[in-house]
Amino acid sequence: MPKRTNPRLLVPLQRDGGAPLARQVEARLRELVPGTPLPPTRRLAADLGVARGTVVRAYAQLRHEGLLEGRVGAGSRIAPAPRPSGAPAAPPDRRWDLDLHPEVTDLAAFPRRAWLRAYGAAVHDLPDRALGYEEPLGLRELREELCVYLARARGVRCDPEQIVICGGLLAGLAIVRRALADTGVRCLHRARVSHRALGELSRGTVSGPATGWLDVDGAGLVVDALPRRSRQAVLVEPAGSYPLGARLSAARLTTLTEWARRQDAVLVESDLNAELDHDGVGLPALQGSLPERTVLIGSTSRALAPGLRVGWIVAPPGLVGALTAARRATEPGQPVLEQLALARFLAAGDLDRHLRRLRSTYRTRARTFANLLEDAVEGGRLDVPACGFHLVMGLPPGAADESSVVAAAAAAGHRVRLVGLAGHVLHGPPLPPALVLGYGALPEAAMARAVQALTGAMAARGRRPDDEPAGSAATPPRG
């Protein structure tokens, strides 16, 4: 049984001619939120400097009215507010029967025991000084472990003074954009089909350079059209552009690096899905081949869980000062315990073990889901990226438009969350209608049911009218 506590209760008292003290205590108790625990009468009387009988009378009156509840040994608390007779109960929060959102990872796979060990060690060994405000770049212990891990697993070349800790991909990109603007970069080029949650960063709502838009095809980002001007940067996802999944070809990579050297440009590399390559080998980070011109942004959101809110930026030495200033202005700091726990998690090899299991899980799910979709959906093109936990399915001729399929899947009878490709087109002409289907939160046992609901939703509205634009009604979580 948990030890009973004596909660502190603020009760301002007017002692010079106001209402009787018991009434004042009673009035304060009526203002409290239902469920609020109350201190014992003796403790509250001592805290307020009044006779215990004053508090006893206030408690007794509220208990008589049914506004206070409690039992011997368990303490007292303000009773829950009664629901009026005949009033309907509050509606429950919406819960999806099946969640096929492409950014929802397998949260049930989070390695709780290993993380608890790392967190416990962090709390036990944390020096007192570390409980103050963190270092400007983030906790050094984490930066040192990231240097070792990123060099080994991703081919990154850096030292701890080139790493800036941040709150994830979105926070990291906001910091990088601000730093680029502060160092004179005028334009940040990026794919026109990309991460929806990052759209606001491209539309000028976050301080940074102007946005240039590039196409994406089967060989990745189309870099041939990059202008020959100074003061430019490019956001690139070599391991697989999201959501289309195309890896940057060797020829495109050569073109991009030569352009960066020739134009004195900066390459901003998103490493979000690179660790989740299905074959377990993957591509080395671009930063390893061009460290003097590449800024790499990584995060724990896909490999572990978005709720950890820990990410990192690896930058050339000349940009670290601007990144530190931008971090201080954009995101003053990160929780120290989470940083130290991640450092212990990396040092123990727990991330490597977790990623091996996760890659195997996603590889099996991708194969099973793709086979079921191919058997059930005729005429729909299917693209399965080599990393991550989603696939892209083009809608077959005769199917409803994207927005209608999304709405039909979400309706009663299906309650399946889908996302259309149209919402990922941030600039330029639309793409052929398609769905971006995530299997991160989709167990294999539920895949047949998901496919059945999906085919039913596609048939629900019939052929799309020629004048009705495709779209998506789903809103993605933040990265």
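Two strands pair if DSSP finds at least two bridges between them. Helices (H or I, at least four residues) and strands (E, at least two) are DSSP runs, numbered from the N terminus. The model is predicted: local features need pLDDT of at least 70, side-chain atom pairs count only at pLDDT 80 or more, and totals for chains, interfaces and linings use all residues. Residues are numbered from 1 along each chain as its sequence is written, and side-chain values use heavy atoms, with hydrogens and water left out.

**Exercise 1. Trace the open sheet and find its edge strands.**

Step 1: Start with the strand order. Seven strands make up an open sheet, running β5-β13-β12-β11-β10-β6-β7, with mixed pairing.

Step 2: Look for strands that pair on one side only; these edges are β5 (163–166) and β7 (210–214).

Step 3: Check the twist, which averages 20 degrees from one strand to the next.

Step 4: Zoom in on β6 (residues 187–191), which runs parallel to β7 and is joined to it by five bridges. Here Arg 190 stands opposite Trp 213 of β7.

**Exercise 2. Find what helices α5 and α6 lie across.**

Step 1: Take contact as heavy atoms within 4.5 Å. Axes are lines fitted to C-alpha atoms, for helices over the stretch in contact, and angles run from 0 to 180 degrees between N-to-C directions.

Step 2: Helix α5 (residues 140–154) lies across β5 and β13 (311–314), at about 110 degrees to β5.

Step 3: Helix α6 (residues 169–182) lies across several strands, including β6, β7 and β12 (294–299), and runs at about 160 degrees to β12.

**Exercise 3. Work out how Tyr 362 and Tyr 439 are arranged, and whether each is buried or exposed.**

Step 1: Apply the ring rule: rings of Phe, Tyr and Trp (its six-membered ring) pair if their centres lie within 6.5 Å, with planes under 30 degrees apart stacked, over 60 edge-to-face and the rest tilted. Four aromatic pairs turn up across the whole structure.

Step 2: Tyr 362 and Tyr 439 are edge-to-face, at 6.2 Å centre to centre with 70 degrees between the planes.

Step 3: Tyr 362 belongs to helix α11 (residues 350–376) and Tyr 439 to the loop between β17 (434–438) and α13 (447–460), so the pair ties together parts 77 residues apart in sequence.

Step 4: Buried means under 20% relative accessible area, exposed over 50%, partly exposed in between (1.4 Å probe, protein chains only). Tyr 362 is buried because its relative accessibility is 0%, and Tyr 439 is buried at 0% too.
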